[in-house]
Amino acid sequence: MYTQGLNNHDATANDTSANSERFQARIDAEERIEANDWMPKAYRRLLIRQISQHAHSEIVGMLPEGNWITRAPSLRRKAALLAKVQDEGGHGLYLYAAAETLGVSREELVDQLLAGRAKYSSIFNYPTLSWADIGVIGWLVDGAAIMNQIPLCRCSNGPYARAMIRVCKEESFHQRQGYEITLTLARGTAEQKAMAQDALDRFWWPCLMMFGPPDSDSQHSDISIQWKVKRFSNDALRQKFVDATVPQAHLIGLEIPDPALRFDEATGHWVYGQIDWDEFRQVLAGDGPCNRDRLAARRKAHADGQWVREAAMAYAEKRRARPAKLAA
Amino acid sequence: MCLMKSGICEMATTSISIAETPLVALMLERADDALILGHRLSEWTGHAPMLEEELALANMGLDLIGQARELYTMAGIAEGCGHDEDQLAYLRDARQYRNLLLVEQPNGDFATTIARQFLYIAFADPWWRSTMASSHPTLAAIAAKAEKETAYHLRHSSEWLIRLGDGTEESHARAQAAIDALWPYTGELFEPGNPDLIAQRVCPDPPTMRVAWNRTVDAILAEATLTRPSADGILRGGRAGRHTEHLGHILTDLQYLQRSFPGATW
Ligand SMILES: [Fe+2]
Ligand SMILES: [Fe+2]
């Protein structure tokens, strides 16, 4: 997911201090933990890491879709895509603000991203090669994000949960819009349909990887489930996504690029083939098709903006220094 | 040029021709200004100097693209040949575009983008306000909406120009360089309109906007501690379809899919 790969095993979870017990009792009673409430250090660390990865994903995610704004095929599509990518920037903004309630500044978090010390979702390290990618990203990537984020609306951390409620409304709009773009292509000319199928072929497996490593990878129970940050396992969410998406693809005449895919009557689930976890690890390690480009673009924007941010601060200083002139 | 003889290909990939009455030309001028400037602002997406500006630049881009859509639709109706907003935007070539040279200038650094926005909006804002009284009801309605948007754009770009001009030494130098570089394109803002349209009170005559523009520009430049260039803005040609080299590249991006896949619906 946007915070994939976070299977958390932290010894301090077993802390038996009175505070910890009270904290766990509050969590078990489905209470929200707010900024000024006591929380274990490990909980704070976990939340900062998860929320900042999520924020970084929103921001880096603007790049692959931004790649098509100037080339959108109609004015309606152009405006919708620009608004969509702007929404993602807004999500980044809420999420950095949620992280700030845990005592870390946006600047620190952005520095971690630019230094290559923070992660963001692997999906944004894949290139957008045709207009159909814009449809498929909205449909699948925003669709996968929703699967993950709807349970996060009930996350034990209050600020994060509230940010997710706002974000989810917009993500489901993005998902419908993406599906509608894909549907239009699938019902269009032969070339357009091929474009849509090609985009699905390229994005399907990376989208399944968005949910993070398989549950079998973790030997111990995940502390973030105990703390009700996470409500479902990676595989459970992945299955939910596959079950929801396969019929949507079939409905518009597109094929899922998985020869092993079959419907299991007994369980009522779509059974999918083997995910290439080597590719997943490679992309997470920084060697995906676009990792270098994405980070370079973020670094360049930050470096190019340095003088602008300095000017804004210098001007604000000057204004504070001469309040009388201001009033005019 | 399309070498295939099939009628469909000819119709869909070659540029359309426009029955350009003065009213249609007016709509296209204003629509092209808005689209091209909105397109330029949209190029910032993912690359702005801070997240808040990422959102603000996208907002202004969306306002302008929205204005363009309404104006193209209105131009298509006024022309009466069945052209819709997309045909007008995607199937005219650079010589048929009527936008100001100013709005097609590249984004450059943030100071250039802000200066371009400011110099244009300081004109567009009073022009739209005055057009709210248009004798053409649709244009008056578009103006009423556009004026609210341009009022915000003017506030945003003025505030930034002041911050940059009166910020650091570097930002001051960049802001002054941007104003100096764009100044030659400002004369075109005031190119006289069609006398019949002016007489019928369809829109105000651009030269009458000079006083308001001067007042805004002088006040903001002074507060920004920037110097107003002394030369006149002499570069023009956009309204007649004679553009700078930049427009062709914008249209190459903008029109790529419509030109590559003739007749497809998106
Ligand atoms: Fe988002
Ligand atoms: Fe989204």
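B:Thr225 is found in the loop that runs between helix H10 (210-223) and helix H11 (246-254) of chain B, helices and strands being DSSP runs (H or I of at least four residues, and E of at least two, respectively) numbered from the N terminus. Phi of this residue, which is not a glycine, is positive and near 55°. B:Thr225 counts as partly exposed because its relative accessibility is 41%; buried means under 20% relative accessible area, exposed over 50%, and partly exposed in between, with a 1.4 Å probe and protein chains only. The model is predicted, so that local features need pLDDT of at least 70 and side-chain atom pairs count only at pLDDT 80 or more, whereas totals for chains, interfaces and linings use all residues. Residues are numbered from 1 along each chain as its sequence is written, chains are lettered from A and ligands numbered from 1 in the order in which they are written, and side-chain values use heavy atoms, with hydrogens and water left out.

In chain A, a positive phi of about 55° occurs at A:Lys228, likewise not a glycine. A:Lys228 is placed in the loop between helix H9 (223-226) and helix H10 (234-251) of chain A. With 18% relative accessibility, A:Lys228 counts as buried.

Two iron ions are considered next. The iron ion (ligand 1) has as protein donors A:Glu58 (OE), A:Glu88 (OE), A:His91 (ND1) and A:Glu171 (OE), at 1.9 to 2.2 Å. Donors are N, O and S atoms within 2.8 Å of the metal (3.2 Å for Na, K and Ca), and sites may look incomplete because water is not among the atoms. Angles among the four donor atoms run from 88 to 141°, and the site is irregular. Four donors count as tetrahedral if all angles lie between 85 and 135 degrees; four count as square planar and six as octahedral if opposite donors are over 155 degrees apart and all others between 65 and 115, and anything else is irregular. The donor residues of this ion follow the sequence spacing E-x29-E-x2-H-x79-E. Distant parts of the chain are thereby linked, with A:His91 in helix H4 (residues 75-100) and A:Glu171 in helix H7 (residues 158-186) of chain A, 80 residues apart. A:His91 counts as buried at 0% relative accessibility, and A:Glu171 counts as buried at 0%.

For the iron ion (ligand 2), the protein donors are A:Glu88 (OE), A:Asp142 (OD), A:Glu171 (OE) and A:His174 (ND1), lying 1.8 to 2.2 Å from the metal. The arrangement is irregular because the four donor atoms subtend angles of 93 to 149°. Along the chain, the spacing of these donors is E-x53-D-x28-E-x2-H. A:Glu88 bridges the iron ion (ligand 2) and the iron ion (ligand 1), which are 3.5 Å apart. Since A:Glu88 lies in helix H4 and A:Asp142 in helix H6 (residues 132-152) of chain A, the pair ties together parts that are 54 residues apart in sequence. A:Glu88 counts as buried at 3% relative accessibility, as does A:Asp142 at 1%. Leaving out residues up to four places away in sequence, A:Asp142 touches A:Lys84, A:Glu88, A:Ile137, A:Glu171, A:His174 and A:Gln175, contact meaning heavy atoms within 4.5 Å.

The largest nonpolar core holds 181 residues, of which A:Trp131, A:Trp204 and B:Tyr72 touch the most other members. Such a core is a set of buried Ala, Val, Leu, Ile, Met, Phe, Trp, Tyr and Cys residues joined through side-chain atoms within 4.5 Å. Helix H6 (residues 110-131) of chain B gives the most to this core, with 13 residues. Beyond its neighbours within four places in sequence, A:Trp131 is in contact with residues of both chains, among them A:Trp68, A:Arg77, A:Met195, B:Leu257 and B:Trp266.

The largest pocket is lined by 20 residues, with A:Arg106, A:His302, A:Arg309, B:Pro49 and B:Met50 nearest its centre. On a 1 Å grid over the protein atoms alone, a pocket is an open set of points with protein on both sides within 12 Å along at least five of seven lines, a cavity is a set where a 1.4 Å probe fits but cannot get out, and lining residues have an atom within 4 Å of a point. Helices H5 (106-114) and H12 (291-321) of chain A and H3 (51-79) of chain B each supply at least two residues of the pocket lining. The second largest cavity is lined by residues including A:Glu65, A:Arg77, A:Lys84 and A:His174, and H4, H6 and H7 of chain A each supply at least two residues of that lining.
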